[in-house]
Amino acid sequence: MNWSKWIRQTHRWVSIVFTAAVIINGVTVVQGKYNNRLGLSAVAILALLLLTGLYLFFLPYVNKWRG
């Protein structure tokens with residue numbers, strides 16, 4: 001599997017993990033058991049999702065530029 005396919009697959013799986021983290025955060029807020037560590041874990045996952053998403057967004061432009 002080449003680099004771009006690996007990044008794309010990682011992005012898909014990280015989005016699933018992020019969705020689960022948001023649901024878990026919502027449940028803990030409703031139960032009144034929220035803590036900062038749990039909230040920051042969702043932010044860390046979101047940062048990874050942002051990085052892979054930006055790579056995938058700019059990939060067609062970079063390939064076009066390279067020629």
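**Why these words fit this model**

Student: The backbone oxygen of N25 sits 2.8 Å from a polar atom of the T28 side chain. What makes that a polar contact?

Tutor: A polar contact is a pair of N or O atoms within 3.5 Å; within protein, one must be able to donate a hydrogen and the other to accept it, and residues adjacent in sequence count only if both atoms are side-chain atoms. Here the distance is 2.8 Å, so the pair passes the 3.5 Å limit. Bear in mind that this is a predicted model: local features need pLDDT of at least 70 and side-chain atom pairs count only at pLDDT 80 or more, while totals for chains, interfaces and linings use all residues. Residues are numbered from 1 along each chain as its sequence is written, and side-chain values use heavy atoms, with hydrogens and water left out.

Student: Is T28 buried or exposed, and how do you know?

Tutor: Check the cut-offs: buried is under 20% relative accessible area, exposed is over 50%, and partly exposed is in between (1.4 Å probe, protein chains only). T28 has 13%, so it's buried. T28 also touches K33, Y34 and L38, leaving out residues up to four places away in sequence; contact means heavy atoms within 4.5 Å.

Student: Where is T28, and which residues of that helix are buried?

Tutor: T28 is in helix α1. Helices (H or I, at least four residues) and strands (E, at least two) are DSSP runs, numbered from the N terminus. The buried residues of α1 are I7, V14, A21, N25 and T28, and what covers them includes α2.

Student: V22 is in α1 too. Why is V22 called partly exposed?

Tutor: Its relative accessible area is 43%, so V22 falls in between the two cut-offs.

Student: How do you know that the span of α1 agrees with what a helix should give?

Tutor: The expected span is 1.5 Å times one less than the number of residues. For the 29 residues of α1 that comes to 42 Å, and the end C-alpha atoms are 42 Å apart, so the two agree. After α1 comes G32, with a positive phi near 80°.

Student: What makes up the largest nonpolar core?

Tutor: That core has 5 residues: V14, A21, A42, I45 and L49. Helices α1 (3–31) and α2 (36–66) each supply at least two of them, with α2 giving the largest share, 3 residues. A nonpolar core is a set of buried Ala, Val, Leu, Ile, Met, Phe, Trp, Tyr and Cys residues joined through side-chain atoms within 4.5 Å. Beyond its neighbours within four places in sequence, V14 contacts I45, L48 and L49.

Student: How many aromatic pairs are there, and why is W3 with W6 called stacked?

Tutor: The whole structure has 3 aromatic pairs. In W3 and W6, the ring centres are 5.5 Å apart and the planes are at 25°, so this pair is stacked. The rule is that rings of Phe, Tyr and Trp (its six-membered ring) pair if their centres lie within 6.5 Å; planes under 30 degrees apart are stacked, over 60 edge-to-face, and the rest tilted. W3 is exposed at 56%, whereas W6 is partly exposed at 44%.

Student: Why are F57 and F58 called edge-to-face?

Tutor: Their ring centres are 5.0 Å apart and their planes are at 85°, so the pair is edge-to-face. Ring pairs link F57, F58 and Y61 into a cluster.
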